[in-house]
Amino acid sequence: MGMGIDMGMTFLYLWALLPIAWRFVTALPPPQQPILPTESTPIASSAESANLPLVVWHGLGDNYKAEGLQSIGELLNDTIGNTTTYYIRLDGDPSADRTATFLGNVTLQVQKVCDDLASHPILSKAPAINALGFSQGGQFLRAYVERCNSPRVENLVTFGSQHNGISEFQECATNDWLCQTWRGVLKSNAWGSFSQSRLVPAQYYRNPEDLDNYFEYSNFLADINNERKVKNDTYKENMKKLDRFAMFMFANDTTVVPKESAFFSEVNTTSEEVTKLQERDIYQEDWIGLRFLDEKRRLDFRIAEGGHMQLSDNILTDAFNRYFKSRNKGGLD
């Protein structure tokens with residue numbers, strides 16, 4: 001299978017993808033969030049709260065100003081007290097920020113977030129920050145920890161994140177030809193330079209039956225999972241600095257395939273046999289520090305009931321109390 005794309009093919013892809021991307025970013029509903037208060041949480045001085053600041057990275061099809069996302073900060077304040085909350089954005093325009101969840105180079109996006117947090121007048125001066133990632137925002141935040149981690153992340157919590165990638169792209173309605181065309185481009189040329197530098201879901205695509213192409217062409221996931229022969233020791237050392245890494249998998253998730261990716265598990269696409277993280281080389285050889293965290297009892301595997309991003313108040317408030325409350329207020333030891 002040829003991996004290069006000539007200029008004529010690139011033009012064809014661009015022509016085909018523009019209406020698809022437009023429809024996708026304007027029609028796709030944001031991830032399901034609990035119905036909560038809708039006021040935005042202001043950025044407040046860290047000195048006003050004993051809790052560490054929290055950064056939140058949303059998922060595919062959402063934007064940093066979406067009401068459901070902004071209300072997370074309100075629930076957080078109601079649960080553990082005043083907390084500085086920062087919503088990661090790739091563009092100040094919410095529409096452009098939403099577009100960036102589908103179209104863009106993830107490596108460059110993560111670097112932008114690294115630069116933004118390192119220069120933020122409040123976050124950069126905090127002793128540490130906490131991080132909350134929804135869906136693809138979870139593995140992107142993990143990439144932040146591995147590659148930058150300044151300001152340092154104390155506790156990382158991810159919900160329904162594709163830590164071991166996806167082996168299938170999201171299904172489309174049978175009469176939705178635009179979505180079908182978009183999915184067809186991804187399926188037919190997921191490893192092409194265009195897909196790996198422009199289409200966000202392609203950059204965390206990982207088919208266990210096509211690992212040779214994945215190792216060679218993956219722009220993002222193969223790197224942050226340290227799966228290539230040459231390992232980046234910084235990734236492991238930065239992950240080891242986490243006080244707690246909590247991964248939530250949605251019990252009835254049919255959007256993320258396989259759902260067990262949320263736990264770094266590998267699922268055979270033919271037999272559907274699940275290989276748990278602890279049985280895989282990434283853990284046994286400790287490529288990114290997961291074994292270290294697990295042996296120190298700092299790695300949590302938790303189940304959230306319902307489908308993808310069907311978050312209840314109880315799940316969120318429990319996570320806030322457990323992982324984001326200051327120790328002197330009864331948080332984690």
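Here's a quick briefing on the sheet, two helices and the cavities of this structure. The model is predicted, so local features need pLDDT of at least 70 and side-chain atom pairs count only at pLDDT 80 or more, while totals for chains, interfaces and linings use all residues. Residues are numbered from 1 along each chain as its sequence is written.

**Sheet**
- Six strands (DSSP runs of E, at least two residues, numbered from the N terminus) form an open sheet of 6 strands with parallel pairing, in the order E2-E1-E3-E4-E5-E8.
- Strand E2 (85-87) and strand E8 (299-304) sit at the edges with a single partner strand each, so one side of each has no neighbour in the sheet.
- On average, neighbouring strands of this sheet are turned by 15 degrees against each other, direction ignored.
- Strands E3 (residues 129-134) and E4 (residues 153-159) pair in the parallel sense over 5 bridges, where pairing takes at least two DSSP bridges.
- Leu132 has Val157 in E4 as its bridge partner.

**Helices** (DSSP runs of H or I, at least four residues)
- Helix H2 (residues 67-80) lies across E1 (54-57), E2 and E3, at about 170 degrees to E2; angles run from 0 to 180 degrees between N-to-C directions of axes fitted to C-alpha atoms, for helices over the stretch in contact (heavy atoms within 4.5 Å).
- Helix H13 (residues 313-324) lies across E1, E3, E4, E5 (244-250) and E8, at about 160 degrees to E4.

Key:
Side-chain values use heavy atoms; hydrogens and water are left out.
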